[in-house]
Amino acid sequence: MNQRARIAMSDEDVTAFLEAARKLQLATINADGTPHLVTMFYGLDAGRIAFWTYAKAQKARNLERDPRVSCLVEAGEDYGELRGVLLYGKAQRVDERDQVMAIGMAVARRMTPGVPDELLLPYVEKTGLKRIAYVVERSKVVSWDHRRLT
């Protein structure tokens with residue numbers, strides 16, 4: 001077995017890792033073809049990466065032109081602790097307000113763990129007026145867990 005296969009996570013491990021993490025690096029493609037990379041909180045929608053953003057944000061403008069994305073979630077400080085999941089896919093815009101608000105709540109919960117929903121709801125309702133949401137349909141998943149090397 002090669003080293004790449006040894007460190008790859010199982011589907012269950014990928015799911016657990018994405019459920020436990022809070023932030024991701026989201027890459028979209030600028031009009032000139034260069035990558036646009038941002039760190040943001042995310043939620044999960046039926047196991048899919050979900051996020052929201054202001055409608056006029058650069059990432060939203062990029063996604064309107066080209067929905068391809070890369071999403072990186074990673075953890076670990078030392079080489080032997082490094083773990084990560086890199087998802088490739090297409091971001092599908094969510095327009096239904098109830099679903100946008102549900103994604104907003106999922107994101108807010110990750111931003112502020114332990115805060116009750118009734119305290120998060122006013123923030124989500126207010127900021128949600130100017131936001132749009134996306135879910136990422138995966139086309140490829142690459143994962144690694146260097147702890148498996150020991």
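User: Why is F51 called buried or exposed in this model?

Analyst: The model is a predicted one. F51 has a relative accessible area of 1%. Buried means under 20%, so F51 is buried.

User: What makes Y134 count as buried or exposed?

Analyst: The relative accessibility of Y134 is 2%. Since the limit for a buried residue is under 20%, Y134 counts as buried.

User: Why is the pair of F51 and Y134 called stacked, edge-to-face or tilted?

Analyst: Two values decide the matter. The ring centres are 5.3 Å apart, and rings pair if their centres lie within 6.5 Å. The planes stand at 25°, and planes under 30 degrees apart count as stacked. The pair of F51 and Y134 is therefore stacked. By this rule the count comes to 1 aromatic pair.

User: Which parts of the chain does this pair link?

Analyst: The pair links distant parts of the chain. F51 belongs to strand β4 and Y134 to strand β7, with their positions 83 residues apart.

User: Which residues of the largest nonpolar core touch the most other members?

Analyst: This core has 23 residues, and those that touch the most other members are L18, L24, L26, I49, F51 and C71. Among the elements that give two or more residues to this core are α2 (11–20), β4 (48–54) and β7 (131–145). A second, separate core has 12 residues, including A50, W52, M105 and V107.

User: What makes L44 buried, exposed or partly exposed?

Analyst: L44 has a relative accessible area of 27%. Buried requires under 20% and exposed requires over 50%, with partly exposed in between, so L44 is partly exposed.

User: Where is L44, and which residues does L44 touch?

Analyst: L44 is in strand β3 (residues 43–45). Not counting residues up to four places away in sequence, L44 touches L18, E19, I49, A106 and R110. L44 and L18 are 26 residues apart along the chain, and their C-alpha atoms are separated by 8.2 Å.

User: How do you know that R131 lies over the face of W52 and of Y54?

Analyst: The distance to the ring centre is 4.7 Å for W52 and 4.2 Å for Y54. The rule asks for a charge within 6 Å of the ring centre and within 35 degrees of the ring normal. R131 is placed over the face of W52 and over the face of Y54.

User: Which element gives the largest share of the lining of the largest pocket?

Analyst: The largest share, 4 residues, comes from β5. The lining has 13 residues in total, of which A21, R22, K23, V73 and E74 lie nearest the centre of the pocket. The volume of this pocket is about 210 Å³.

How values were computed: Residues numbered from 1 in each chain as written. Predicted model: local features only at pLDDT ≥ 70, side-chain atom pairs only at ≥ 80, totals over all residues. Heavy atoms only, no water. Core = buried A, V, L, I, M, F, W, Y, C linked by side-chain atoms within 4.5 Å. Buried < 20%, exposed > 50% of the residue type's maximum accessible area, 1.4 Å probe, protein only. Phe/Tyr/Trp six-rings, centres within 6.5 Å; stacked < 30°, edge-to-face > 60°. 1 Å grid on protein atoms, 1.4 Å probe; cavity = no way out; pocket = protein on both sides within 12 Å on 5 of 7 lines; lining within 4 Å. Points joined across faces, edges and corners; volume = space filled by probe spheres on them. Contact = heavy atoms within 4.5 Å.
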